[in-house]
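Trainee: Could you take me through the unusual backbone geometry in this model, with care over where each case sits? I would also like to hear about the cysteines once the backbone has been covered.

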Amino acid sequence: MTSFRKPPGRGSALPESNPFQRLAALLGDRAPGADPIVLTIGEPQHAMPPFTAEVLAENMADFRRYPPIEGTPAFRTAVAGWLDRRYGLGGSIDRERGVLPLNGSREGLSFGAIAARDQLAKDIERPAVLLPNPFYQTYAAAAHIAGAEAVLLDTGAETGFLPDLDALPPDLLDRTVAVYLASPANPQGAHASLAYWQALIGLARRHAFYIFADECYSEIYRTSPPPGVLEAAHALGAGYERVIALNSLSKRSNLAGLRCGFAAGDPAFLARWVKFRGLAAPQVPLPAQALAVRAYSDEAHVIENRRLYNEKYAIAERLLAPILGPVTPEGGFFLWLDVARWGGSIAVTERLWTEVGVKVLPGAYLASDRPDGSNPGEAYIRVSLCAPAAITQQALERLADWLGGTA
């Protein structure tokens, strides 16, 4: 089912707090039922690239300098080169106007809707921003900052955990300024196919809105690399109009604290956006950009990172599939587990903590309620596989024992 919410006022889709603050309030000061294991936040715990300290030390003096908002030529070239290799773009990314550094992809996602609204300048009282539901909470914040209506699109098992594009009415698309979509999806791990991306690009060009493709999990996959929005646009052969991909080193290279990412794609959009960002957004420090240049030129650490996640998915499949059926998604580093028959996301989260000491995140906290009060994430819990394999196995053994022994 696809729901189109029309909130009564600005910010209606914006949660009062983030999912982790809500979880803290839910559990309060209740003691864990065993030595605690936290599997909530998606914070990478694998090793940083081995060259991290060396590159930062070599560029330490550049912390004294204000970086250019458009990034260094070396950064833009490294990102464009990685995109070419990863997606087969044949050198088509504009290295001068088609790549911008970001303070992590989150910063770009937050400011993107404002730029889309201003650049499109649609003559409507309140533009729309389309979000998947469940969704990364920053998308709702972006719509709120832009003064737009956040329209929530259900992404359940029946739609392959992606919005049903065929269900979007033309009048809604006409007043849309931006669509946010993650692939692999957070929290479900589903991939958008090349055909899906191309269908969305077609809608964006016919109805004049921008696609903000959140691809921060693009390198965390099981077997086949997920197609990207730039790859889909390149295959169409008409450039990158209306298409912006956002990515970072947080997941790919286990450098979440570096706060270094990029936006790439539509050069006309990015050339105007950089002027706004020059007024409002923080620059990315030069040593961080230098480390990004090295990181985007090295795949060995990325391959090892992916191997470690896939090792933990094999553990999860062995322990949980006999109870829940297949649990391994196409990409990302979360499990999205249907626990409806055990009481749903909030009840199961409470009991896992107080009975076996495993902290997970309720799926209901990653989604907004439908107009009828139901919640598309209520049946699920999100389980992070970021912890080391031994700790992850211990937690999943407790989870499997609890699920298997609880009616």
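Mentor: What follows goes from the overall fold to the loops with unusual backbone angles, and ends with the cysteines.

Please keep in mind that this is a predicted model. The protein contains 14 helices and 12 strands, and its radius of gyration of 21 Å is close to the 22 Å that the globule rule gives for 407 residues, so the protein is as compact as a globular protein of that length. Of those 407 residues, 57% count as buried, and among contacts with a separation of 6 or more, 78% are between residues 24 or more positions apart.

For the backbone, the background is that most residues other than glycine have a negative phi, and most peptide bonds are trans. Against that background, the bond joining N133 and P134 is cis, with omega about 10°, and P134 belongs to the loop between β3 (128-133) and α5. A cis peptide bond also leads from N186 to P187, here with omega near 25°, and P187 is placed in the loop that runs between β5 (176-182) and α7 (194-207).

At the other end of α7, the loop between α7 and β6 (210-214) holds A208, a residue other than glycine whose phi is nonetheless positive, near 60°. With a relative accessible area of 23%, A208 is partly exposed, because buried would require a value under 20%. R259 is likewise not a glycine and has a positive phi, of about 55°; this residue lies in the loop between α9 (249-252) and β8 (261-265), where its relative accessible area of 32% makes it partly exposed.

Turning to the cysteines, a disulfide is a covalent bond between the sulfur atoms of two cysteines, and a search of the whole structure finds zero of them. For C260, the closest cysteine sulfur is in C216, at 14 Å, which is too far for a bond, given that the sulfur atoms of a disulfide must be within 2.5 Å. C386 is in no disulfide either, and the nearest cysteine sulfur to it, again that of C216, is 11 Å away. C260 counts as buried at 1% relative accessibility, and C386 is buried with a relative accessible area of 1%.

Definitions and conventions. Residues are numbered from 1 along each chain as its sequence is written. This is a predicted model: local features need pLDDT of at least 70, side-chain atom pairs count only at pLDDT 80 or more; totals for chains, interfaces and linings use all residues. Side-chain values use heavy atoms; hydrogens and water are left out. Helices (H or I, at least four residues) and strands (E, at least two) are DSSP runs, numbered from the N terminus. The radius of gyration is taken over C-alpha atoms; the globule rule is 2.2 Å times the number of residues to the power 0.38. Buried means under 20% relative accessible area, exposed over 50%, partly exposed in between (1.4 Å probe, protein chains only). Contact means heavy atoms within 4.5 Å.
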